[in-house]
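Please go through the fold and interior of this protein in question-and-answer form. Keep the answers plain.

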Amino acid sequence: MKVLITSDWYTSAVNGVVTSILNLKRGLEGLGHEVRILTLSNTIKSYMKEDVYFIGSVSAGIVYPGARLRTARGHKMLQEIIDWHPDIVHSNCEFSTFFIAHYIAKKAGIPMIHTYHTVYENYTHYFSPSLRLGKKAVRLFSRWVSENTDYLIAPTEKVKMMLEDYDVYAPIEVVPTGIDLDRFYQPMERAEIERMKRELRIPESDTVLVFIGRLSKEKNCEELLSAMKHLKKRAVTLLFVGDGPYREALEKYVEEEELSEQVIFTGMVSPEEVWEYYRLGDLFISGSTSETQGLTYIEAMASGMPLLCRKDECLDDILFNGINGWQYTSEQELVEKVEEYQNHLQNQQLLCQNAKTISEKYSIDAFACSVESVYKKALTKVKSEPERISA
């Protein structure tokens, strides 16, 4: 099977969409499929490098940091893709490359799959001054996306229920995103962990709470900092690994609340080194409710780290209270769970073991097989539609 995967984001960005695409490509190729990627170029020039098509684009950072919009060029390249005769187009973003994916699918007479990665209701502050109007716009937009798609893939039941609430048109399949677990299973020498802690000024005796991800408003990082005010008298360090548009505001908060001794910002870390930072932590912590699945949660568990996360439906199949961590519902409960973790040393090892065991069902192989199953359903559906004729 020839599969074209499209995305506005690719290896120049570090986010869950890119991770999902890279792992899917690897998994599908392992099953014997031929996979190519279509994404946006960092310049107005369109070109192909190895098995990736780069379509010319311009910056749209005023809309969202790092975002880009395609230019009018690239039609010759699109014809080259059609002449390659893909069997499936799998879209992963709803903007520039979504239109390209739809164009290719229509011209080639093939099915189009779309993975709904982002809960846009949590991002209305970027495009609407009114929460109510923003949610209405998201609902209408999501229905339009589904109207132009043969199948929707939702990473979790949470996303599926949300899409069903929008009354979307396309059938929905739940497929959890796969993770390259081997990277996070690999051992790390104790001496190396101690060295990194010294460089970051983390006291050896502290319980380390690790947040890994983009520092943006929707991640609700202020709640974590607010909780740290109540943990000042305990041996606790909060480590933020990553960067983003909200980092400056968070650092200002830390300074104002005199938390600099307990809160550390690493800045951007390369994807190849992220696994090392999970090993510095005792608990993975997140206040976000904007995740569709939360790949960092699975990475943390694969690293043997229990989770302490704000309650969210996307965690219902991942995080089980008292088994591999806790879901909290208030800042007070967050503080209490940190204290509980510190006070019950005998439970810590079991929490870590359970976390690693639960992570195993999110492998790349399982991910690719599930997506392949959706592709086959879509191909069967298209074959039953005689009105779909290739251009």
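Q: What share of the exposed area of the protein do carbon and sulfur atoms supply?
A: The model is a predicted one. The protein exposes about 17900 Å². Of this area, carbon and sulfur atoms supply 50%.

Q: Which radius of gyration does the protein have, and why does it agree with a compact globule?
A: The chain has 391 residues, and a compact globule of that length would have a radius of gyration near 21 Å. The C-alpha atoms fill a box of roughly 70 × 40 × 40 Å along the principal axes. The value agrees with the globule rule, because the protein has 22 Å.

Q: What percentage of the residues is buried?
A: Buried here means under 20% relative accessible area. With that cut-off applied to the 391 residues of the protein, the buried part is 53%.

Q: Which helix supplies the largest share of the largest nonpolar core?
A: This core has 37 residues, and Ile212, Leu239, Tyr277, Tyr278, Phe284 and Leu307 touch the most other members. Several elements each supply at least two of its residues, including β11 (207-212), β12 (236-241) and α13 (345-359). Six residues, the largest share, come from α11.

Q: How many residues does another core, apart from the largest one, hold?
A: Leu215, Leu225, Leu231 and Leu308 are among the members of this other core. It lies apart from the largest core, and its residues number 28.

Q: Which residues does Leu239 contact beyond its neighbours within four places in sequence?
A: Nonpolar side chains tend to be buried together in soluble globular proteins. Leu239 is one of the residues that touch the most other members of the largest core. Its contacts are Leu200, Ile202, Val208, Leu209, Val210, Phe211, Ile264, Thr266 and Leu280.

Technical notes:
Residues are numbered from 1 along each chain as its sequence is written. This is a predicted model: local features need pLDDT of at least 70, side-chain atom pairs count only at pLDDT 80 or more; totals for chains, interfaces and linings use all residues. Side-chain values use heavy atoms; hydrogens and water are left out. The radius of gyration is taken over C-alpha atoms; the globule rule is 2.2 Å times the number of residues to the power 0.38. Buried means under 20% relative accessible area, exposed over 50%, partly exposed in between (1.4 Å probe, protein chains only). Accessible areas come from the Shrake-Rupley method with a 1.4 Å probe; for residues, only the protein chains shown count as cover. A nonpolar core is a set of buried Ala, Val, Leu, Ile, Met, Phe, Trp, Tyr and Cys residues joined through side-chain atoms within 4.5 Å. Helices (H or I, at least four residues) and strands (E, at least two) are DSSP runs, numbered from the N terminus. Contact means heavy atoms within 4.5 Å.
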